[in-house]
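Subject: Structure for your review

Dear colleague,

Please find below the structure I promised to pass on to you. My notes on what was found in it follow directly after.

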Amino acid sequence: QVQLQESGPGLVKSSQTLSLTCTVSGGSITATSYVWSWIRQPPGKGLEWMGFIYPSGNTVYSPPLKSRTSISRDTSKNQFTLQLSSVTPEDTAVYYCARWVAGTSLIDYWGQGTQVTVSS
């Protein structure tokens with residue numbers, strides 16, 4: 001059974017960098033059949049995909065967030081991390097990590113989500 005667990009501070013000040021970690025168990029983040037991502041949902045809005053990290057370590061980011069987003073990984077800990085810089089209150093959201101089946105639009109596993117609030 002694959003499990004994903006987000007962790008990180010729930011409150012970040014404006015202009016600072018938000019940093020979250022997703023710890024994966026039950027499956028390797030280097031397995032070639034899957035791609036790992038961060039997705040967020042601001043209050044009252046829909047889901048927003050933020051970026052992918054591939055088994056190779058390559059990354060792809062959502063264009064509107066690309067200049068502020070970095071996704072990295074620690075294969076020894078089977079974790080991947082999101083950093084979002086220069087945050088504003090509009091970055092307040094529930095942040096999810098998720099596993100996608102490579103080559104499809106299917107997300108087969110989600111983390112439970114973590115609320116991050118950006119204070120002004």
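Setting aside neighbours within four places in sequence, Thr-114 is in contact with Glu-6, Leu-20, Ala-93, Val-94 and Tyr-95. Thr-114 belongs to strand β11, which covers residues 114-119. Its relative accessibility is 14%, so Thr-114 counts as buried, the limit for that class being under 20%. Please bear in mind that this is a predicted model, and that the values in this message are computed from it.

A second residue that merits your attention is Val-24, in strand β3 (residues 18-25). With a relative accessibility of 5%, Val-24 is likewise classed as buried. Not counting residues up to four places away in sequence, Val-24 touches Val-2, Gln-3, Leu-4, Ile-29, Trp-36, Asn-78 and Phe-80. In addition, 8.5 Å separates the C-alpha atoms of Val-24 and Lys-77, although these two residues are 53 places apart along the chain.

Turning to the chain as a whole, the protein contains eleven strands and zero helices. The order along the sequence is accordingly β-β-β-β-β-β-β-β-β-β-β. For 120 residues, a compact globule would have a radius of gyration near 14 Å, and the 13 Å of this chain agrees with that expectation. The C-alpha trace spans about 40 × 25 × 25 Å along its principal axes. Of the 120 residues, 41% are buried. When contacts between residues at least 6 apart in sequence are considered, 54% of them join residues at least 24 apart. The chain exposes about 6,100 Å², and carbon and sulfur atoms supply 49% of that area.

With regard to charge, the chain carries 8 positive and 6 negative side chains, and the centres of the two sets lie 5 Å apart. How many salt bridges does a search of the whole structure find? The search returns four, and three of the pairs are described here.

The side chains of Asp-91 and Arg-68 form a salt bridge, with 2.9 Å from N to O. Asp-91 lies in the loop between β8 (79-84) and β9 (93-101), and Arg-68 in the loop between β6 (59-61) and β7 (69-74), so this pair ties together parts that are 23 residues apart in sequence. At 2% relative accessibility, Asp-91 counts as buried.

Another salt bridge joins Arg-40 to Glu-48, whose closest N and O atoms are 2.7 Å apart. Is each partner of this pair buried or partly exposed? Arg-40, at 5% relative accessibility, counts as buried, whereas Glu-48, at 25%, counts as partly exposed.

Arg-99 and Asp-108 also form a salt bridge, and their closest N and O atoms are 2.6 Å apart. Here Arg-99 is buried, with a relative accessibility of 6%, while Asp-108 is partly exposed, with a relative accessible area of 26%. Through salt bridges that share partners, Arg-40, Glu-48, Arg-68 and Asp-91 are joined into one network.

Yours sincerely,

A colleague

Key
Residues are numbered from 1 along each chain as its sequence is written. This is a predicted model: local features need pLDDT of at least 70, side-chain atom pairs count only at pLDDT 80 or more; totals for chains, interfaces and linings use all residues. Side-chain values use heavy atoms; hydrogens and water are left out. Helices (H or I, at least four residues) and strands (E, at least two) are DSSP runs, numbered from the N terminus. The radius of gyration is taken over C-alpha atoms; the globule rule is 2.2 Å times the number of residues to the power 0.38. Buried means under 20% relative accessible area, exposed over 50%, partly exposed in between (1.4 Å probe, protein chains only). Contact means heavy atoms within 4.5 Å. Accessible areas come from the Shrake-Rupley method with a 1.4 Å probe; for residues, only the protein chains shown count as cover. Lys and Arg count as positive and Asp and Glu as negative; His and the chain ends are not counted. The place of a charge is taken as NZ of Lys, CZ of Arg, CG of Asp or CD of Glu.
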